[in-house]
Amino acid sequence: MNAPTFGPTSYHPTKGERTSLEIKDFNLWYGAAQALFDVAMDVQVGMVTALIGPSGCGKSTLLRSMNRMNDLIDNLRINGAIRLEGDDIYGPAIDVIGLRKRMGMVFQKPNPFPMSIAENVVYPLRVDGVTDRALLEQTVERSLKAAALWDEVKGRLKENALGLSGGQQQRLCIARAVAGDPEVLLMDEPCSALDPIATAKIEELIDELRGNYTIIIVTHNMQQAARVSQNTAFMYLGRLIEYGDTKRMFTNPIEARTQDYITGRFG
Amino acid sequence: MTTETLTAPSNAVAARRRRTFGSDVSASGEPAQWALGGALALGIVLIAGFLLLVFWNGVATFFPKPIVALTLTDGSTIAGPIRRSEEFRVPPNELASLPPPVQALIRDDGGMAERQLIQIGNFDLYNEDFRWVPSYLVAGASRPRDLVLMERLEWGPFVGRVKQVVEDGRPLADGDPLPTGLDAVHRKARDRWQQIRRIERGDIGVVNHDIDGIRLEVRRLELRHGPDHERVVAARRAAEPELARLRTQYDTLAAEARRLRQEDARTTITLADTGGREKSMRLSEITRFVPANDLSLLGALGVYFDRWGEFLADEPREANTEGGVMPAIFGTFVMTLMMVLVVAPFGVLTALYLREYARQGRIVAIVRISVNNLAGVPSIVYGVFGVGFFAYLVGGSIDQWFYAERLPSPTFGTGGILWASLTLALLTVPVVIVATEEALSAVPRSVREGSLACGASKWQTIKYIVLPRALPGIMTGLILAMARGAGEVAPLMLVGVVKLAPELPMDGFFPFIHLERSFMHLGFHIYDVGFQSRNSEAGKPMVFVTTMLLIGLIFVMNLAAIVIRNRLKRKFVGAQF
Ligand SMILES: Nc1ncnc2c1ncn2[C@@H]1O[C@H](COP(=O)(O)OP(=O)(O)O)[C@@H](O)[C@H]1O
Ligand SMILES: [Mg+2]
């Protein structure tokens with residue numbers, strides 16, 4: 001059995017090749033209100049890690065701390081550390097823009113840019129100043145194929161992305177997130193605005209992307225977590241309560257609160 | 001007893017029910033709705049009425065009106081188009097001088113009688129253009145076919161008959177109503193007149209400009225080295241042959257113009273008014289013959305569109321009450337365009353900084369309030385600032401440094417189209433800032449985050465995502481600014497608008513665009529023609545036409561901007577799902 005390395009939580013994830021993201025005693029305050037308390041976890045490389053927990057428990061906050069999206073918020077304060085492949089994300093030497101390029105992010109609501117489908121996909125390359133047409137075209141095809149959208153849109157790459165359906169838009173956002181070839185994919189409830197068919201497609205997609213990317217997915221949906229993830233972290237009131245192998249956690253959770261949550265007693 | 005106790009509460013229930021579900025008018029909000037709707041309707045009616053008035057008068061002005069010849073009770077005759085008629089109260093002393101039956105008639109009407117305003121023209125003969133004629137003085141009216149209204153370069157129109165036209169000493173044969181062949185002869189005379197003008201204003205203007213250039217060059221050297229420096233002397237000597245050549249050229253052109261004028265003087269026309277007084281003048285002085293009583297509908301339309309053409313394409317004459325408004329159209333258009341070109345980057349950058357970069361604190365809040373208040377400052381205050389700061393301070397300094405050789409006559413140190421545009425830009429920049437800030441804040445946070453998460457910098461996010469999304473809103477602000485700026489007059493009067501600009505701000509002389517020049521503006525033109533001219537009655541129709549034109553110009557400019565905006569909107573905010 002894996003004993004917890006740090007923190008007061010039950011801690012026994014399935015180990016991958018190595019640790020991708022290492023979160024250490026991470027605390028976060030919005031002004032005076034503390035939203036994260038001593039969160040500590042090792043996200044395993046190439047695996048899908050699900051973040052579950054009731055609304056407002058800090059899942060999004062934790063996810064957005066990983067690529068420093070929280071920088072946009074005034075009066076934010078943190079302590080503790082998050083490391084990506086050993087690089088301290090909040091360290092003084094870090095280049096935030098470079099960091100974000102190493103992580104793709106998919107949001108709760110599809111947020112395609114008001115431009116063509118192809119331009120959407122290659123946006124991460126555009127901001128890098130890539131102008132090589134062949135490379136751009138190749139990236140469009142590769143990313144759209146990776147996001148299982150290629151067959152649906154290959155004939156209308158020049159059309160405005162806002163004309164796509166919600167599910168297609170979300171897959172376009174995934175294509176965009178993987179276009180820059182990131183190490184980590186952060187997904188914040190990527191299916192919550194989608195219908196069941198679109199959701200199934202995205203879940204399938206996540207399964208295919210596993211291995212190539214380290215994926216962290218926030219989800220409200222217990223079945224979804226069980227279907228797509230290898231490890232699951234359960235959060236409650238800003239604390240990481242339990243972190244472990246998904247299958248075991250859903251069949252045999254250690255903590256009583258985890259048990260209560262996944263059996264639907266609250267949440 | 002029991003019935004009473006039973007009915008009482010049921011009454012109360014009924015009353016409550018009536019109050020809650022009944023037709024309590026004030027609770028349903030219907031009166032408010034009616035009041036609001038009524039206010040809206042009233043506003044629309046007022047605006048529509050105003051536009052209708054302007055357009056009706058504006059559209060009708062150039063249509064030739066019949067010339068009425070009136071025989072008055074004292075035996076004299078007058079003739080001219082009827083401008084309008086009205087009821088008036090007959091003054092007592094005049095009433096007393098009338099024959100008793102007429103007096104009785106007027107008394108029956110409560111002391112009122114009708115009178116008509118006749119455009120009698122012939123200002124050079126009678127010192128008035130218009131005369132009110134009370135109906136009780138009219139003995140008879142007719143519309144003789146041979147009465148002609150002639151528009152002239154000077155003195156306003158002449159109403160009367162053409163007695164004789166002499167071309168180069170030979171009289172033309174009489175015709176009906178105009179002498180035969182007058183058209184061709186007239187056209188020839190007008191062409192000659194145009195040619196004289198071209199020589200005097202165009203070719204001689206170029207020569208003068210060149211002579212002036214040489215003089216200024218020498219003066220510049222004088223200012224730098226002192227008047228007796230060898231280089232100045234050398235330059236003076238070097239300029240001599242060129243100056244001599246230009247003077248010869250000038251003399252040749254002047255001689256040519258003199259010859260043409262003499263030739264022009266040999267083609268004359270003699271006119272007679274209905275009273276029999278005659279007047280001779282050069283044929284080229286008449287710009288248009290309008291035999292209004294002898295025109296077919298097609299002929300009338302010909303005159304109508306010909307007048308429009310002159311109005312839109314020509315320069316003004318006769319203290320702006322006649323001729324065209326082309327310089328004013330051009331001035332308004334160029335000034336507004338320049339204003340937009342200045343205000344757009346200035347306002348957008350300010351708003352970008354305020355909304356995207358500045359730390360949202362007390363200072364930014366104060367700045368924002370100040371900007372909003374700037375929009376409420378009376379526009380004349382901007383005019384005062386413009387003339388004091390831009391013209392005298394900035395322009396004066398520019399003159400000191402770059403145009404010293406022209407002093408004491410100012411170049412940039414006085415009102416001009418550049419300073420006017422900058423002043424208006426200042427006046428309208430709050431509108432642009434407020435609209436842009438609103439448009440920026442309406443860009444959803446989610447797309448900004450999407451961009452940042454892709455590794456875009458803040459500036460890249462603004463450039464690629466935020467600005468394109470906000471562009472339609474920004475355009476709306478610019479449209480509002482443009483509409484306000486194009487219609488503003490008061491500040492312009494201080495910073496460069498003039499009644500009559502000798503030159504356009506754009507011409508064929510290097511550097512082609514002359515931002516320091518004063519200019520004409522349709523708004524000021526309206527004020528000037530309608531209220532400042534010697535003869536406000538003559539200018540009245542021009543007020544309506546010019547107003548219509550100003551509204552039309554603003555409308556077209558706004559329409560263009562709106563079309564562009566909608567294009568952008570379609571491009572950037574496509575249908576969701
Ligand atoms: N921008 C913010 N400013 C202040 N408080 C916030 C902000 N975002 C989230 N919070 C608070 O932090 C807590 C965690 O929120 P969040 O991470 O969004 O929860 P979850 O994603 O698990 O539903 C909540 O109590 C929420 O109210
Ligand atoms: Mg959330």
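This briefing covers the contact between chains A and B, the shell around ligand 1, and the domains and a sheet of chain B. The model is predicted, and 21 residues of chain A are in contact with 21 residues of chain B. In chain A, ligand 1 is surrounded by residues that include A:Tyr30, A:Lys59 and A:Ile73.

**Contact between the chains**
- On the side of chain A that touches chain B, the elements giving two or more residues are α2 (96-101), α4 (123-126) and α7 (166-179) of chain A, and α2(A) gives the most, with three residues.
- Sorted by class, this side of chain A has 10 nonpolar, seven polar and four charged residues.

**Shell around ligand 1**
- The residues around ligand 1 are A:Tyr30, A:Ala35, A:Gly53, A:Ser55, A:Gly56, A:Cys57, A:Gly58, A:Lys59, A:Ser60, A:Thr61 and A:Ile73, and they divide into four nonpolar, six polar and one charged.
- Helix α1 (residues 59-66) of chain A gives the most to this shell, with three residues.

**Domains of chain B**
- The domain assignment of chain B gives domain 1 (55-159 + 289-307), domain 2 (170-265) and domain 3 (330-521).
- Between domain 1 of chain B and domain 2 of chain B, the C-alpha centres lie 43 Å apart.

**A sheet in chain B**
- Five strands of chain B form an open sheet in the order β4-β3-β2-β1-β5, with antiparallel pairing, and the twist from one strand to the next averages 40°.
- The edge strands, each of which pairs on one side only, are β4 (130-134) and β5 (138-142) of chain B.
- Strand β1 (residues 67-72) of chain B runs antiparallel to β5(B) and is joined to β5(B) by four bridges, while B:Ala69 has B:Ser142 in β5(B) as its bridge partner.

Technical notes: Residues are numbered from 1 along each chain as its sequence is written. Chains are lettered from A and ligands numbered from 1 in the order in which they are written. This is a predicted model: local features need pLDDT of at least 70, side-chain atom pairs count only at pLDDT 80 or more; totals for chains, interfaces and linings use all residues. Two residues are in contact if their C-beta atoms, placed from the backbone, lie within 7 Å. Ala, Val, Leu, Ile, Met, Phe, Trp, Tyr, Cys and Pro count as nonpolar, Asp, Glu, Lys and Arg as charged, and the others, Gly among them, as polar. A residue is near a molecule or strand if its C-beta atom, placed from the backbone, lies within 6 Å of it. Domain bounds come from an automatic or database domain assignment. Two strands pair if DSSP finds at least two bridges between them. Axes are lines fitted to C-alpha atoms, for helices over the stretch in contact, and angles run from 0 to 180 degrees between N-to-C directions.
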